[in-house]
Amino acid sequence: MKQYDVVALGELLIDFIENGKSEQGNSLFEANPGGAPCNVLAMLSKLGHKTAFIGKVGNDLFGVQLKKAIESVGIDSKYLCMDNQVNTTLAFVKNNIEGDREFSFYRNPGADMMLVESDISEEVIKQAKIFHFGTLSMTHDNVRKATKKAISIAEKNKVIISFDPNLRFQLWDSLSQARNQVLYGLEHCNVLKISDNEIQWLTGESDFTKGVKWIYNRYQTPLIFVSMGKQGSRVYYDGKMMVDKRPFLQKNTIDTTGAGDTFYGCVLHYICKKEDIVFTKEQFEEMLTFANAAASIIITKKGALSVMPDYTDICQLIEKNKE
């Protein structure tokens with residue numbers, strides 16, 4: 001038996017999300033704990049899984065807040081490092097007039113970039129059923145080396161490797177560098193979650209099935225999930241099977257931050273319950289329905305990490321939509 005269901009590595013930061021106006025007409029921002037890998041772990045912890053996080057925050061006001069936040073939702077913080085020299089990374093999130101999110105990062109440097117190879121515990125990765133990572137921990141040399149060390153440990157110990165690019169283009173020196181690191185992730189993962197705009201950018205294909213075929217032909221990634229926002233989600237298995245599920249659309253959408261992470265946490269929940277990554281069409285349909293429902297709940301709340309939906313709420317939404 002493994003000690004952890006999922007161990008994730010990456011960024012843990014403060015998402016300052018716009019939340020109304022002051023009396024003077026100035027934008028108000030709420031300091032929400034965030035970071036894609038920990039959002040995924042928070043959803044898994046809410047569903048009863050044992051999780052741990054590897055990363056680095058500043059030994060400052062926000063770093064202390066983040067450590068308490070992940071502990072409060074059940075994520076093991078033993079492998080979270082505190083940096084005495086560099087402050088916690090901050091992200092300001094605002095919706096533009098089209099309703100899309102715009103990000104401004106305060107990360108030059110940010111503490112999450114300071115993770116180094118010596119911060120990586122081999123033991124915690126060996127004790128995981130799934131190891132999960134993204135590309136924000138691959139933007140700079142030292143943290144990239146740390147991430148690749150962790151991936152190597154996972155491979156050596158036959159841990160299932162999960163990858164979500166979660167690209168933030170403004171954090172990269174060049175698009176070619178971003179592409180190279182995404183391709184590295186594809187080369188080393190067993191399970192991939194990729195968004196609609198990411199797969200189009202990476203493969204040059206507007207048709208998602210063609211984009212997935214582009215990835216599969218090069219890397220034979222057995223399990224690929226495509227999140228498509230208002231169009232729902234898809235899963236492609238072993239280059240043969242495709243399952244598509246429509247979303248649960250919400251009239252009272254407040255903030256889409258963390259929707260993809262919530263979705264993917266639910267996907268990994270189903271994988272955690274099995275000894276392999278082989279599923280039937282019916283099992284994939286159940287998985288995507290559950291994950292889509294959870295994602296539709298999180299977008300009615302500000303932030304993600306601290307407000308993940310309950311299992312009961314997800315099931316009730318599914319049942320309500322059957323009526």
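**Overall fold, a strand trio and a helix crossing**

The chain contains 10 helices and 14 strands. With a radius of gyration of 18 Å, close to the 20 Å that the globule rule gives for 323 residues, the chain is as compact as a globular protein of that length. The structure is a predicted model, and its C-alpha trace spans about 50 × 50 × 40 Å along the principal axes. Of the 323 residues, 56% count as buried. Contacts also reach far along the sequence: among those between residues at least 6 apart, 70% join residues at least 24 apart.

A good place to start looking is strand β7, residues 90–95. This strand pairs in the parallel sense with strand β2 (residues 13–21), over four bridges. Within this pairing, Ile17 is found opposite Val93 of β7. Strand β7 also pairs with strand β8 (residues 101–106), here running antiparallel and joined by six bridges. Lys94 has Glu102 in β8 as its bridge partner. As a general reminder for viewing such strands, side chains in a regular strand alternate between the two faces of the sheet.

Turning to the helices, α5 (residues 175–188) packs against α7 (residues 208–219) at an angle of about 65 degrees, and the two axes lie 10 Å apart. The crossing is right-handed. On the α5 side, the contact is made by Arg179, Leu183, Leu186 and Glu187, which meet Trp214, Ile215 and Tyr219 of α7. Sorted by class, this contact comprises five nonpolar and two charged residues, with no polar ones.

Note on methods. Residues are numbered from 1 along each chain as its sequence is written. This is a predicted model: local features need pLDDT of at least 70, side-chain atom pairs count only at pLDDT 80 or more; totals for chains, interfaces and linings use all residues. Side-chain values use heavy atoms; hydrogens and water are left out. Two strands pair if DSSP finds at least two bridges between them. Helices (H or I, at least four residues) and strands (E, at least two) are DSSP runs, numbered from the N terminus. Axes are lines fitted to C-alpha atoms, for helices over the stretch in contact, and angles run from 0 to 180 degrees between N-to-C directions. A crossing is left-handed if the near helix is turned anticlockwise from the far one by less than a right angle, and right-handed if clockwise. Contact means heavy atoms within 4.5 Å. Ala, Val, Leu, Ile, Met, Phe, Trp, Tyr, Cys and Pro count as nonpolar, Asp, Glu, Lys and Arg as charged, and the others, Gly among them, as polar. The radius of gyration is taken over C-alpha atoms; the globule rule is 2.2 Å times the number of residues to the power 0.38. Buried means under 20% relative accessible area, exposed over 50%, partly exposed in between (1.4 Å probe, protein chains only).
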